[in-house]
Amino acid sequence: MNSDTILILGYGAMASAIAQGLNGKYSMEICGRDRRKALDFIAKLDLQNTTAPESKSVDFASNPHAINIQDKILLLCVKPYALASFAYLGQAKAVYSVLAGISIEQIATHIHATAYVRLMPNIAALHGLSATTAFCSVGTASMISAQEKREPHMDLPDSQACSTAVEQTDSLSQQLEQLKRQAQEICQGFGEVVFVENERLIDSSIATSGSAPAFLALVAQALVDSGVMVGLSRVDSRTLVAQTFVGVGELLRHYGPQELIDRVTTPGGTTIEGLAVLESSGVRGAFMQAAKASVAKASATNAPNHSCTSAQPHAPTIQNTTDSQKTLVPKEPNHE
Ligand SMILES: NC(=O)c1ccc[n+]([C@@H]2O[C@H](COP(=O)([O-])OP(=O)(O)OC[C@H]3O[C@@H](n4cnc5c(N)ncnc54)[C@H](OP(=O)(O)O)[C@@H]3O)[C@@H](O)[C@H]2O)c1
């Protein structure tokens, strides 16, 4: 059993997938705005070494719930707009967030931690088969203070300042490698992970994996209907399509998509007839446009003036702070 405690904030679908992957490997705490739901969640999933600490009411108007994150690994699994529904007490060892469209910079304004990781899992996490992207960042909030600490080095002789900077860079890259190992271990509990070097690419992976299950479900639905249209029962058609998806998933591990098409397409045969219809309908372009639209939506959510708060859902409001701090509150349904 790992010595770290993982605090999962949320008890919905994604929290469930992640908690099952970590069950028995870490001590866990489940928190949310309703402790009863957290307790039910623990019982239903039969989570070992897991508790649901009381969350204390501090100031119901702005921060209804306070949670102790000191020295824990915090996993944010609530809806994106719920980030500010909680007061985070202390400094976490690391914060992992699956919140679509919420940047590390935005998270760091609410939560102190020495490391931040953004994840983009997909719904297949429910069966331990998520295709997840991860972006790791060591000490976003503390970077600012590190920057301040570095200033005195400007007074040092050049070579001394230079070697101090090199030591700091070495130490940061070691911390980053350690963080990646931890992230890999956590993410492998619910699927496979690909690390990206630029946070922007987390949103990009909505195209390939985040939203892709819905795109592919549309294809599956069309194929099931096609089977019914040509005489198969709906049950048989669905079984055949599901197994075809499993088979294609495995084949794609061995062959590129074009090679796969080549292997199925006999010259002058049946498959090329169908492919010609799909190409003339612009299916490939439609998929690319759809993916682009989904990614653009996430980027718009992530825009600097589009921050998350605990304000009422469905009603976009301006947060009541100073003029320079005013932020637009997103409508609840904008987030997945
Ligand atoms: N599902 C996916 O395929 C997928 C993929 C990638 C990323 N994500 C991300 O995963 C996160 C969770 O999604 P999900 O699919 O697990 O959703 P879900 O099953 O609907 O669960 C939502 C969770 O958020 C909490 N919550 C909602 N509104 C809240 C509020 N105002 N204050 C406090 N807590 C609130 C809910 O607690 P209550 O029951 O107490 O409201 C629940 O624990 C989202 O941020 C989403 O962007 C999901």
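Why does Leu216 count as partly exposed? The relative accessibility of Leu216 is 42%, so this residue falls in the partly exposed class, which lies between buried (under 20% relative accessible area) and exposed (over 50%), with a 1.4 Å probe and protein chains only. The model is predicted, so local features need pLDDT of at least 70 and side-chain atom pairs count only at pLDDT 80 or more, while totals for chains, interfaces and linings use all residues. Residues are numbered from 1 along each chain as its sequence is written, and side-chain values use heavy atoms, with hydrogens and water left out.

At the centre of this account is an open sheet of 8 strands in the order 3-2-1-5-8-10-11-12, with mixed pairing; strands here are DSSP runs (E, at least two residues; helices are H or I, at least four), numbered from the N terminus, and two of them pair if DSSP finds at least two bridges between them. The edge strands, each pairing on one side only, are strand 3 (50-51) and strand 12 (191-195). Helix 1 (residues 13-22) packs on the sheet and touches strand 1 (5-9), strand 2 (27-31) and strand 5 (73-76), where contact means heavy atoms within 4.5 Å.

Strand 5 pairs in the parallel sense with strand 1 over 4 bridges, and Ile8 stands opposite Leu75. Strand 5 also pairs in the parallel sense with strand 8, over 4 bridges, and here the bridge partner of Leu75 is Tyr96. Both faces of strand 5 are covered, with Ile73 and Leu75 buried on one side and Leu74 and Leu76 buried on the other.

Terms used: Axes fitted to C-alpha atoms, helices over the stretch in contact; angles between N-to-C directions.
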